[in-house]
Each structure stands twice: as structure tokens, then as C-alpha cells.
Amino acid sequence: MAGNREITYSKAINEALREEMERDENIILMGEDIAVFEGVYKITRGLLDRFGPERVRDTPISENAIVGAAIGASLLGLRPVVEIMYMDFLNECADQLVNHLPKMRFMSGGKLEAPVTVRCQYSVGRNTGAQHTQFFPAFYMNVPGLNIALPSTPYDAKGLLKSAIRSGAPSLFLECAKLYNLKGHVPDEDYTVPFGSAKKIVEGEDVVVMALSLTVPMAVSASEKLRKKGISVMVLDPRTLSPLDKDSILDAVKKTGRLVITEPDCKTGGVGAEISAIVAEEAIDYLDAPVIRIATPDIPSPFSPPLLDRYMPTEEKMVEEIEKIVR
Amino acid sequence: MDPLAGRTKDELEEWMGKDPLKILEKKLLHDGLTKAELMKIDEGINEKILDAVEFAKKSDYPTWNLMLKSFTN
């Protein structure tokens, strides 16, 4: 039954959308070029044909209007799943996404629910220039009321998207464009992955590497290299940032005594800054070494390939930094 | 994908008629510029673009420090 079916990360997202739309006719899709063109990354392939233009809707190029319309539709009983083409464009809909969506329930004294899922991809590491490569998940960790998922595998992408869509709360679902072609096991049968539950991808004793999204596969490769050098590295993927599985992070720090955070966003004010603060508050006595953050430098992403190579976190940088604090 | 799927041919033509470059060209001719002068401007622009492409192809990739200079003072 479970089998060994392997599909890509992008196919897993497409399946989640299709299966949820089959299950619940209140689910609709909205976004730029998602219907006739099937999305710039073809995530919504086949969905217009299957569900028709009432439920799969092309919108004008107006992100704030898209999210605003989705909020209104959700208040009247629909469950809209919005695609914003690039994470960079979330800035275009910040008013609806930050000022309205996560406050609906609170401002109505719990009377209104706005079950909107906003999907977008981020393209850091691709040669698409400084305005189409941004990844700033920490912005949204600072917005209470918005659940945030950032899957690193096809399995988690499908399971977390289903959870987001079924949840009564608003969710921000961050897809990594560089992982769209990554293949991995996804079962045939229906399943979900809960928010707020980190996954230990590699077991280890000497140091825990907390990796996010694109940096998860890099951290796994780094752990394999270091294992050959006698260093046992745990790799932990939080999978969601809000809610954040603090307990798993703290347990991992208590077990290993060393924490490295690797993230494909700018170092200053990034996710790692928050994790470091949590560990400083709640587990500082367990640390045997300084916390290390391997992120991008605090500059916009360059376009030029050799500059981009130097800009990105890499497996090599991880190996180098981990060796420094373990030896 | 059919580029006309979302609009009629008439609508497309209407918008093509609003091409700002063509409107400017018409205005300049009306204001007394000659066709020869306009052509000279066009050629000058093309030359600049071709030179830039040539320069880019001949150049090494930019260095990290050069990039930083464009970001910080």
C-alpha cells in the first residue's frame, strides 16, 4: 500500500491542492496566471481543467486586492488558497496580509474566521536578481496570528499544505523554488503533517544543526561528510516557524550542547536570531560553545553566478563552521 | 498559449495605437524634427546598447568588493 512512490516537491504541492479541492468544494484558488497558464512554476497544472474557472481564478496583477478578496470570501465560508508569484511580492499585499488577515478573529472577539492560505515561492540561490530572490520569513514570525510553514521535502510539502488548508487559521506557506524538482517519498494515501512539530532528519550527538527549507538538504550532506571525520551531527528541521516547536529545539541543544543555525535569509534579524534568543533564555547553561549562524550576508542577492555562489550558505561553509566549534 | 486569449484583436490594436514611443516620434516630427535626425537618435541608441553588450562579454565577472561598493558608501 504505502509503496515507494517518489514524486517531486512541486508535484506534491499540486497533489495537495487537487486532493483538498476534491474533498471540499469550498476551496478555491486565486492568483496571477494560475488558471489558463497553470502558474509560472506550473504548480496549478491541470486544476482549471478539473475544477473550472469558478474555483480556479486568474486575477489581475494586484496582490493586495487578491488577498483582500480572499479574506472577504473566507469570511463568507469559502476557503481560498492564494498564490503570490514571488515571496518578494508579499510586500505588495502587506496591508491585507499583516494588518487584516491575522487580526480578523481577534478583532471580532472570536466571531469571524479567515481560513486563507497564502502560498508563495522564494527564489534565493537562483539568478533572478535582487528583487526576485528575497527570503524573509522572520518578518512574518513577528506577526502573531499567521501560521508559517516552510517545507524542505515533498512529503512535508504535501502534508503541511493540507494542514494549512484544513486549519481555520490563516497560513503563509513558503515554497522553495530551488527545491521544486527535488524528489522524495510521498504515500498514495491521505495524510497531514501538523504545524508546530519539528523533524529530526539526522540523529547526532555532538552538535545540532537547525536548518530551514533550502538549507536542510545542505545540512544533511554536511552531516554525512562530518560523520566520516568522526563528528556526529544532528539535523533538525522545524518545518513551521509559527507555531515553532521550541521543545524539540531546546531538547536538541540540551542533548548536544552545541547549536548551529543555517538559513537562506539575511543574518541580521533573521530566524536564527530568534532561535538564538530562545536558547539564551531557556537553555544557556547547556551550551558548550557559542551559537553559530550560517546565513546570507546582509546585502541583496547578487545576480552574477560567482557572486551568488559566495553569497549562499553552502555545505562547505557548514562543515568548516561546525569543525571549529566541535574540535 | 494564445496571447489573444484574454482580449480581442480590436482591443490589442487600440492599445498598440497608444505606444508612447510612436506617439513621441509623431510629436517630435510635428514639432519640427526631421526623419533623418530621428534616425540618427535611433542609431546612437542602438550603438550604445551594442557597445554595452560587447563590453559585458569581454569583461571578467565582477568581484565581491566591486559589488559591495555598489551597496555601501
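A residue counts as buried when its relative accessible area is under 20%. Keep that cut-off at hand for these exercises on a predicted model.

**Exercise 1. Helix 7 of chain A**

Task: Work out how many residues of helix 7 of chain A are buried, and which ones they are.

Solution:
- Step 1: Begin with the extent of the helix, which covers residues 154-166, or 13 residues.
- Step 2: Compare its length with expectation. At 1.5 Å a residue the helix should span 18 Å, and its end C-alpha atoms are indeed 18 Å apart, so the two agree.
- Step 3: Apply the cut-off along the helix. The buried set opens with Pro154(A), Asp156(A), Ala157(A), Lys158(A) and Gly159(A), and continues with Leu160(A), Leu161(A), Lys162(A), Ser163(A), Ala164(A) and Ile165(A).
- Step 4: Draw the conclusion. Because 11 of the 13 residues are buried, helix 7 of chain A is largely enclosed by the rest of the structure.

**Exercise 2. Backbone in the loops of chain A**

Task: Find where Ser213(A), Arg239(A) and Pro243(A) sit, and describe the backbone there.

Solution:
- Step 1: Recall the background: most residues other than glycine have a negative phi, and most peptide bonds are trans.
- Step 2: Take Ser213(A), in the loop between strand 10 (207-211) and helix 8 (215-228). Its phi is positive, near 55°. With 0% relative accessibility, Ser213(A) is buried.
- Step 3: Move on to Arg239(A), in the loop that links strand 11 (233-237) to strand 12. Here too phi is positive, about 65°, in a residue that is not a glycine. A relative accessible area of 8% makes Arg239(A) buried.
- Step 4: Finish with Pro243(A), placed between strand 12 (240-242) and helix 9 (246-256). The peptide bond leading to Pro243(A) from Ser242(A) is cis, with omega near -10°.

**Exercise 3. Where chain B meets chain A**

Task: Describe the interface of chain B and chain A by its buried area, and say how many salt bridges cross it.

Solution:
- Step 1: List the participants. Chain A brings 13 residues to the contact and chain B brings 8.
- Step 2: Turn to area. The two chains bury about 930 Å² between them, with 86% of that on carbon and sulfur atoms.
- Step 3: Look at the residues on the chain B side: 7 are nonpolar, 1 is polar and none is charged.
- Step 4: Count the specific pairs. The rule finds 0 salt bridges across the interface, and 0 residue pairs in polar contact where both are at pLDDT 80 or more.

Key: Residues numbered from 1 in each chain as written. Chains lettered and ligands numbered in written order. Predicted model: local features only at pLDDT ≥ 70, side-chain atom pairs only at ≥ 80, totals over all residues. Heavy atoms only, no water. Contact = heavy atoms within 4.5 Å. Buried area = accessible area lost by both parts, 1.4 Å probe. Salt bridge = Lys/Arg side-chain N within 4 Å of Asp/Glu carboxyl O. Polar contact = N/O pair within 3.5 Å; in protein donor to acceptor, adjacent residues only side chain to side chain. Nonpolar A, V, L, I, M, F, W, Y, C, P; charged D, E, K, R; others polar. Helix = DSSP H or I, 4+ residues; strand = E, 2+ residues; numbered from the N terminus. Buried < 20%, exposed > 50% of the residue type's maximum accessible area, 1.4 Å probe, protein only. Expected span 1.5 Å × (residues − 1).
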